[in-house]
Amino acid sequence: MRLAILDCATLVDPSLEKYASIGALVESWLRRFLHEASFVIIPIAHGAEFPNPSDYDGFVLPGSEVGVYDDTPWMGPLGDYLRNLRDLRKPLLGICFGHQMMAHSFGGRAAKAGYGMCVGRRRFAVDGTKLEVSVMHQDQVLTPPPNAQVIGSSDYCPNAVIVYHFPALSCQFHPEYEDDFVEDCIGVIAGMGALNDQEASAAHTTLETPEDSAFFGEMVAAFFREHI
């Protein structure tokens, strides 16, 4: 099983340089559930060309610091590429920005949700199972695409996990983020003025709740095994 991770993020703050790329964080998480898979990280945000779909069995589109409404050189081509993967019925997983970009590309709507930056630990229900997972976003899917099924939500994010009528699955939360990374990101976000002191303190406090995303990891592994 050969999976391509289309990395659309850049860790631009110096305090985050000690961490691997977002693509590498995703790979590390997925390896715990897909032992048989091999991974190639393709840094789209740094100008890498989109790969030939026939070279890979499946694809992952992780998070990014940009939104679907931003004018990056690769945003339009990415939408075209995702629709091509859909037509080829290549299995596709989206996380956070990937979740939003998939909905945007397949006929739904993603945008700023009006609640500001949400970061830390939140509870979601996915297929009837409660998960405590990390989040880091101000956008979300406001309107799911036609024929898509919402199977996960939270009190503030109703369209949090989506499955499609072609081989595609996406989530708003970040099962791949470790707590130390989230802690440092809270500081970066607060330093940018997107969180005040009280909000940053509250975000740190949410991380006292243990992370529990294994159920979703097993779901993702089963998804790729079923469709590859």
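These legends go with a handful of close-up views of a predicted model.

**View 1. The nine-stranded open sheet.** Here we have 9 strands in an open sheet with mixed pairing. Reading across, the order goes E2-E1-E3-E4-E11-E10-E9-E6-E7. Strand E2 (38-43) and E7 sit at the edges with a single partner strand each, so one side of each has no neighbour in the sheet. On average, neighbouring strands are turned by 25° against each other, direction ignored.

**View 2. A pairing inside the sheet, E9 with E10.** Strand E9 (residues 149-153) runs antiparallel to strand E10 (residues 161-163), and the two pair over 3 bridges. To find your way along this pair, look for Val-150: its bridge partner in E10 is Ile-162.

**View 3. Two helices lying across strands.** Helix H2 (residues 75-88) lies across three strands: E1 (2-7), E3 (58-61) and E4 (92-95). Against E3, H2 runs at about 145°. H3 has its own set of strands to cross, namely E3, E4, E7, E10 and E11. Its angle to E4 is about 120°.

**View 4. The largest pocket.** This one has a volume of about 660 Å³. Its lining is made up of 30 residues, and those nearest the centre are Ser-64, Glu-65, Met-117, Met-136 and Ile-189. Helix H3 (97-105), strand E7 (129-137) and helix H4 (179-191) are the elements that each give two or more residues to this lining. H4 supplies the largest share, with 4 residues. Sorted by class, the lining of the largest pocket comes out as 18 nonpolar, 8 polar and 4 charged residues.

**View 5. The second largest pocket.** About 170 Å³ of space lies in here. Of its 13 lining residues, Val-163, Leu-169, Phe-223, Glu-226 and His-227 are the closest to the centre. Two elements, strand E11 (168-171) and helix H6 (214-227), give two or more residues to the lining of this pocket. H6 has the largest share, 5 residues. By class, the lining of the second largest pocket divides into 10 nonpolar, 1 polar and 2 charged residues.

Key. Residues are numbered from 1 along each chain as its sequence is written. This is a predicted model: local features need pLDDT of at least 70, side-chain atom pairs count only at pLDDT 80 or more; totals for chains, interfaces and linings use all residues. Side-chain values use heavy atoms; hydrogens and water are left out. On a 1 Å grid over the protein atoms alone, a cavity is a set of points where a 1.4 Å probe fits but cannot get out, and a pocket is an open set with protein on both sides within 12 Å along at least five of seven lines; lining residues have an atom within 4 Å of a point. Grid points are joined across faces, edges and corners, and a volume is the space filled by probe spheres set on the points. Ala, Val, Leu, Ile, Met, Phe, Trp, Tyr, Cys and Pro count as nonpolar, Asp, Glu, Lys and Arg as charged, and the others, Gly among them, as polar. Two strands pair if DSSP finds at least two bridges between them. Axes are lines fitted to C-alpha atoms, for helices over the stretch in contact, and angles run from 0 to 180 degrees between N-to-C directions. Contact means heavy atoms within 4.5 Å.
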